[in-house]
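Student: I would like to learn how to read a ligand site and a disulfide. Can we go through one example?

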Amino acid sequence: MMTPMRCILLVLGVIIPIHYILSFAYEEYGKATFISSIAGKWTGPKLSPPYKTPVPDEYYKPDSLMHLQDRKANASFVILVRNSELWGIMSSMKQLEDRFNRKFQYPYVFLNDQPFTQNFKDHIRALTNSTVEFGLIPPDHWHQPSWIDEDQASKSRDDMVRGNVIYGGSVSYRNMCRFNSGFFYRHELLQQYRYYWRVEPDIKLFCDVDYDPFLVMQDHNKVYGFTISIYEIQATVPTLWNVVKSFINANPDFVTPGNAMEFLSDDGGESYNMCHFWSNFEIADLDFWRGEAYSKFFEYLDEQGGFYYERWGDAPVHSIGAALFAKKEQIHFFNDIGYEHEPFLHCPQGDVYTKGKCWCDPDENVDYQRYSCLKRYDRLFS
Ligand SMILES: Nc1nc2c(ncn2[C@@H]2O[C@H](COP(=O)(O)OP(=O)(O)OP(=O)(O)O)[C@@H](O)[C@H]2O)c(=O)[nH]1
Ligand SMILES: *[C@@H]1O[C@H](CO)[C@@H](O)[C@H](O)[C@H]1NC(C)=O
Ligand SMILES: *[C@@H]1O[C@H](CO)[C@@H](O)[C@H](O)[C@H]1NC(C)=O
Ligand SMILES: [Mg+2]
């Protein structure tokens with residue numbers, strides 16, 4: 001796997017910074033082309049994360065259902081999914097209802113580039129008493145734009161297939177990454193909401209979520225919440241950081257003082273360490289993405305074509321946006337939400353495990369495994 005991979009890097013003209021070659025992150029993760037080839041390979045210390053931002057008790061509602069007078073946030077679940085993934089998304093949604101939403105009753109917005117079938121809608125509606133809306137994505141928010149040079153794009157896909165890079169040959173995966181990076185929050189069904197919780201098929205929720213995470217976001221002025229952070233596959237973002245740097249140089253005012261650059265870079269912004277929040281789980285602020293800084297940032301990235309000439313993921317794009325245009329305190333680690341999207345899981349430790357009545361194996365927790373970036377998040381606050 002390594003030789004073709006090096007080839008690709010050469011073909012793409014990528015110069016790998018020397019500290020990358022030396023760092024554990026690159027040695028152990030950056031050269032991988034499939035995430036699953038990494039999982040379970042190394043075990044780290046079973047540390048509990050520092051609880052810098054515990055959720056205050058008044059947010060908890062251990063036993064009662066929602067009452068009319070209870071405060072609610074302006075929020076919805078957002079689920080981009082295909083008709084063919086019905087059973088996988090029902091599994092996710094059932095757990096979400098049982099662990100959280102049966103009590104809190106937040107609405108759902110389902111999005112798809114194809115119309116949802118009646119069968120899909122019927123099965124989904126049967127799982128909840130909450131409002132469920134089904135939206136179609138406008139074609140120009142989904143498909144590869146006409147100004148992308150298809151020869152260049154297809155050559156890059158072929159190179160990535162030869163390099164065995166996961167989803168390297170897929171156009172639809174690239175459409176999905178671009179849509180999640182810059183379009184979902186502009187969908188008409190989401191205009192009426194401020195916060196969202198992103199959900200994917202076949203995830204697991206291990207613990208009771210007995211408090212309202214949206215209210216925590218709202219009351220504490222948070223913009224981005226995550227459960228797992230890992231390294232990006234280097235071959236999918238060879239030029240991303242250079243583009244980020246040129247955007248920052250041209251728009252220094254968008255970079256917020258007190259930001260989380262240290263999460264992204266180990267040398268003050270010179271190079272990217274590949275750390276990102278794993279975006280298959282997100283609880284975040286739609287207005288942050290809609291704001292001037294992130295909108296201009298996305299537009300700039302999109303113009304460079306890297307969603308198609310490379311394979312930029314929405315995870316690094318969101319993470320870089322959140323880390324640079326928000327204050328570090330506005331990025332929240334949802335430690336108490338036990339969560340799995342294969343091949344990684346976050347399992348709360350100690351008291352938090354007990355409080356949430358969790359059922360994951362605490363030893364499988366990704367937090368301080370070598371390929372987790374949580375230590376870099378921690379160091380923002382140390
Ligand atoms: N409607 C629609 N949804 C898609 C498409 N491709 C991906 N998605 C959804 O976008 C999200 C991310 O896609 P995934 O295939 O899960 O990508 P991933 O999480 O990187 O990879 P996996 O390890 O395969 O889960 C999921 O919620 C998918 O259901 C598509 O072509 N159409
Ligand atoms: C919907 O609400 C009714 C009435 O409160 C309740 O009996 C039913 O179990 C609920 N259904 C779901 C899927 O939560
Ligand atoms: C919810 O948030 C959206 C986006 O900020 C806003 O347009 C809408 O008016 C808000 N709704 C309520 C009820 O506050
Ligand atoms: Mg997925």
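Student: Which N or O atom pair links an oxygen atom of ligand 1 to the side chain of E85, and at what distance in Å?

Tutor: First the conventions: this is a predicted model, where local features need pLDDT of at least 70, side-chain atom pairs count only at pLDDT 80 or more, and totals for chains, interfaces and linings use all residues. Residues are numbered from 1 along each chain as its sequence is written, chains are lettered from A and ligands numbered from 1 in the order in which they are written, and side-chain values use heavy atoms, with hydrogens and water left out. A polar contact to a ligand is a pair of N or O atoms within 3.5 Å. Here, a side-chain N or O atom of E85 is 2.5 Å from an oxygen atom of ligand 1.

Student: Which polar side-chain atoms lie by a nitrogen atom of ligand 1?

Tutor: One belongs to N112, at 2.8 Å, and another to R82, at 3.1 Å. The protein buries 81% of the 620 Å² that ligand 1 exposes when taken alone (Shrake-Rupley method, 1.4 Å probe).

Student: How many nonpolar, polar and charged residues are in the shell around ligand 1?

Tutor: A residue counts as near if one of its heavy atoms lies within 4 Å. The shell has seven nonpolar, two polar and four charged residues.

Student: Why is the disulfide of C207 and C358 right-handed?

Tutor: A disulfide is a covalent bond between the sulfur atoms of two cysteines, taken here as a sulfur pair within 2.5 Å. The sulfur atoms of C207 and C358 are 2.1 Å apart. The torsion about their S-S bond is about 110°, so the disulfide is right-handed.

Key
Polar contact = N/O pair within 3.5 Å; in protein donor to acceptor, adjacent residues only side chain to side chain. Nonpolar A, V, L, I, M, F, W, Y, C, P; charged D, E, K, R; others polar.
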